[in-house]
Amino acid sequence: MNYREKYQQWLSFADEETKEELLSITDEKEIEDRFYKDLAFGTGGLRGIMGAGSNRLNRYTVGKATLGLARYLKSKNDGEISVAISYDTRNNSQYFAKTAAGIFAHEGIKVYIYEMVTPVPVLSFTTHYLGCTAGVMITASHNPKEYNGYKVYDGKGCQFCIEDAKNAIAFINDITDYSSIPFTEDSELINFIGEKELSAFLAEVKKQSLYEEKSDIKIVYTPLHGTGNIPVRRMLEGLDVTVVKEQELPDGNFSTVRSPNPEEKDALTIAIEKAKEIGADLVLGTDPDCDRVGIAVRDGDDYRLFTGNQTGALLVKFVLTMKKDSLNDKSTLVKTIVTSELGANIGRKFGLQVEETLTGFKYIGDKINKYEETGEQEFVIGYEESYGYLVGTHARDKDAVVSSMLICQMAAWYKNQGKTLVDGLNEIYDEYGYYLDYLDSFVLKGKDGAEKIQELMTYFREKGTALFNGIDEVIDFSRGIRDLPKENVLKFIWSDGSWMAVRPSGTEPKIKIYYSIVDENKENAHSRLQSVRGVIKEIIEK
């Protein structure tokens with residue numbers, strides 16, 4: 001069917017509210033965008049703009065994914081099957097969670113659903129803690145308010161990786177009749193969970209505590225209207241923490257920020273203003289599903305925002321310093337292919353093994369699973385440049401709860417030495433060299449945008465090496481590198497260790513360009529970065 005035929009089909013079966021929304025659309029391009037394809041269930045699940053249509057997130061696309069997933073789980077498991085479900089503070093998250101719960105129950109699957117909003121790492125933990133077959137988290141992470149999503153986890157609390165995702169997708173794609181999806185509201189198979197399971201998670205997080213000496217450090221924390229408010233504050237009890245009142249409570253419109261993404265500068269603006277008012281040492285902000293955390297550090301009279309790579313490098317040094325007596329030849333640090341080498345080099349100096357994965361924390365979680373199976377390696381810390389970190393194996397996804405606790409303990413450790421995290425970072429640069437990391441994201445929406453992204457990837461494959469002098473190596477991950485699955489990522493490496501990577505986003509209509517410039521001279525590094533960024537910007541925006 002073409003997009004118009006699919007539009008008419010939806011009008012024939014959809015509920016009244018959905019029909020009303022579809023009939024109100026007057027822009028033909030908008031109708032095309034909503035129906036030119038089905039919202040893709042990828043290796044991490046669904047993510048898309050909420051609204052009516054096959055290329056939007058709504059009760060029907062959530063229902064299709066759930067029904068397909070239920071059939072997949074039943075095809076590979078004998079006996080009782082159970083699924084844990086949680087959701088974040090986004091608009092419709094609870095509604096989609098209950099929609100999924102009803103469909104699982106209709107298919108004879110036992111459901112444990114949280115009665116309150118909870119972070120991603122709590123769902124990851126709960127899936128394994130309750131012995132569930134799988135887990136579902138309704139979230140779009142740090143995306144703008146228009147988005148929502150559907151993440152799927154295996155029985156160990158790791159997001160579905162290649163094999164599980166491929167098999168589940170086949171069952172999901174077999175469902176073509178949306179009108180046949182069984183929407184059920186109540187069932188004896190649906191069980192509500194909450195405080196007991198959250199407390200069990202927090203007890204595991206507490207086991208990762210590394211420094212509890214008294215300190216007069218002052219912290220400002222913002223949950224950015226998300227799920228971190230209660231669990232993060234409970235892990236910071238005993239510290240001087242001021243919560244940003246304007247951003248404390250759930251708000252699916254994220255009305256105080258342009259985007260609830262701690263990677264972006266202005267997400268912490270209100271928190272930094274509060275920090276200036278009270279003279280805080282550290283500003284901490286977690287995203288809506290509390291798997292990412294961003295920080296700003298007092299630097300004289302102002303506050304300096306840290307990148308994910310900078311915070312990651314500091315955490316690696318802090319964690320390994322505190323754990324040095326328990327490290328052994330199995331101890332391993334795991335990072336992604338677009339994460340700076342700085343933290344990895346710190347790990348190597350402490351004697352750790354370093355492993356790389358594709359972009360996506362599910363691959364780090366999968367490494368933890370394999371280490372537990374073989375016993376050949378021991379996971380110590382994993383992180384990615386996009387503000388996601390994990391210490392401990394209580395979860396198989398990035399965890400801003402444990403990360404927030406450790407960042408605050410790290411800042412207290414430095415303060416008790418008369419230093420700030422800025423001082424700590426400068427010490428790292430003095431020892432390992434200056435690393436300048438940056439990310440450019442170019443939004444290219446709709447069908448035309450998707451085609452442009454593919455054209456750009458082809459261009460970079462064919463012409464990329466000629467764009468810059470000194471490129472020593474080009475890695476095309478789509479060909480399958482080492483033991484990594486194939487992925488549409490290109491990495492250009494200069495002879496001095498600097499690199500640039502090009503990657504289409506798996507969750508948003510974006511092409512992302514990652515830069516990592518290594519130079520002994522800070523000014524030279526910044527000059528080189530601006531030069532490379534200028535060339536890339538001209539190519540993408542022409």
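**Exercises on helix packing, cores and cysteines**

The crossing of α4 and α5 is right-handed, a term for a near helix turned clockwise from the far one by less than a right angle. The model is predicted, with local features requiring pLDDT of at least 70, side-chain atom pairs counting only at pLDDT 80 or more, and totals for chains, interfaces and linings using all residues. Side-chain values use heavy atoms, without hydrogens and water, and residues are numbered from 1 along each chain.

**Exercise 1.** Determine the packing geometry of α4 and α5.

*Solution.* Helices are DSSP runs (H or I, at least four residues). Helix α4 covers residues 59-76 and helix α5 residues 93-106. Their angle is about 35° and their axes lie 9 Å apart, the axes being lines fitted to C-alpha atoms over the stretch in contact, with angles from 0 to 180 degrees between N-to-C directions. In contact (heavy atoms within 4.5 Å) are, among them, Val62 and Leu69 of α4 with Phe96 and Ile103 of α5. The contact residues divide into nine nonpolar, three polar and one charged.

**Exercise 2.** Explain why cysteine 132 forms no disulfide.

*Solution.* A disulfide requires two cysteine sulfur atoms within 2.5 Å. The closest cysteine sulfur, in cysteine 158, is 16 Å from that of cysteine 132, therefore too far for a bond. Likewise, cysteine 290 is in no disulfide, with the sulfur of cysteine 408 12 Å away. The whole structure contains zero disulfides.

**Exercise 3.** Which helix gives the most to the largest nonpolar core?

*Solution.* The largest nonpolar core has 93 residues. Helix α14 (residues 400-415) gives the most, twelve residues.

Key: Helix = DSSP H or I, 4+ residues; strand = E, 2+ residues; numbered from the N terminus. Nonpolar A, V, L, I, M, F, W, Y, C, P; charged D, E, K, R; others polar. Core = buried A, V, L, I, M, F, W, Y, C linked by side-chain atoms within 4.5 Å. Buried < 20%, exposed > 50% of the residue type's maximum accessible area, 1.4 Å probe, protein only.
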